[in-house]
Amino acid sequence: MSQLVLLAEKDTDLREELAYALRRHGYQVMAVSDGLGLSDILELARLSHGREPTPDVVVADAELDGYAGSDICAQLSHEENPIPFILIPALYVITRSRASRFGKIPVVLSMFAGLVDWDTR
């Protein structure tokens, strides 16, 4: 069974690219666009006692609308068995549309270097 990634990214292009790349590498992906959606899914998983899937890892934009990914990460760190959490810092967020201004220059998306391959879509 593949691992479940909860992806929270406010930029639609980047969210779709990351979800596509993660699925291509065998992960199941639940994607949301803001901190409220991220918080709701995590709360539902926690309260459902196994009836709802619990993400194996959260990948989130540090500066989501609603609740910031960094705030949710800090909140989860106080739990007994916290879910691993990867923050995408705003400094490194470059979408495909923004990257197109640079032509064919490789674009590194923070810790996702090599995961997103612009030429495969």
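A residue is called buried when its relative accessible area is under 20%. By that criterion, helix 1 (residues 12-24) buries Leu-14, Arg-15, Glu-17, Leu-18, Ala-19, Ala-21 and Leu-22. The structure is a predicted model, and its 121 residues include 39% that are buried. Four helices and four strands form its secondary structure, following the order β-α-β-α-β-α-β-α along the sequence.

**Confidence**
- The mean pLDDT of the protein is 77, and 73% of the residues score at least 70.
- Strand 2 (residues 28-32) has the highest confidence, at 97, whereas helix 4 (residues 96-99) has the lowest, at a mean of 50.
- The pLDDT is below 50 over residues 101-121, a stretch that nevertheless has 37 contacts in the model beyond near neighbours in sequence.

**Helix 1 and its ends**
- Helix 1 contains 13 residues, and the distance from its first C-alpha to its last is 18 Å, close to the 18 Å expected at 1.5 Å a residue.
- Where helix 1 starts, the backbone nitrogen of Asp-13 lies within 3.1 Å of a side-chain oxygen of Asp-11.
- Gly-26, just after helix 1, adopts a positive phi of about 95°.
- The buried set of helix 1 includes the charged-type residues Arg-15 and Glu-17 as well as Leu-14 and Leu-18.
- An α-helix has 3.6 residues a turn, so residues three or four places apart point the same way.

**Nonpolar cores**
- The largest nonpolar core has twelve residues: Leu-6, Ala-8, Val-32, Leu-38, Leu-42, Val-58, Ala-60, Leu-64, Ile-72, Leu-76, Ile-83 and Phe-85.
- At least two residues of this core come from each of strand 1 (4-8), helix 2 (35-47), strand 3 (57-61) and helix 3 (69-76).
- A separate core of ten residues lies apart from it, with Leu-22, Val-29, Val-57 and Ile-88 among its members.
- Leu-22 of this second core is also one of the buried residues of helix 1.
- In soluble globular proteins, nonpolar side chains tend to be buried together.

**Contacts and surface**
- Beyond its neighbours within four places in sequence, Ile-83 contacts Leu-42, Thr-54, Pro-55, Asp-56, Val-57 and Val-58.
- Among these partners, Leu-42 and Val-58 belong to the largest core together with Ile-83, while Val-57 is a member of the ten-residue core.
- Of the contacts in the protein with a separation of 6 or more, 66% join residues 24 or more positions apart.
- The protein has an accessible surface of about 7200 Å², and carbon and sulfur atoms account for 52% of that area.

Methods. Residues numbered from 1 in each chain as written. Predicted model: local features only at pLDDT ≥ 70, side-chain atom pairs only at ≥ 80, totals over all residues. Heavy atoms only, no water. Core = buried A, V, L, I, M, F, W, Y, C linked by side-chain atoms within 4.5 Å. Buried < 20%, exposed > 50% of the residue type's maximum accessible area, 1.4 Å probe, protein only. Contact = heavy atoms within 4.5 Å. pLDDT = per-residue confidence, 0-100. Expected span 1.5 Å × (residues − 1). Polar contact = N/O pair within 3.5 Å; in protein donor to acceptor, adjacent residues only side chain to side chain. Areas by Shrake-Rupley, 256 points an atom, 1.4 Å probe, with all protein chains shown as cover.
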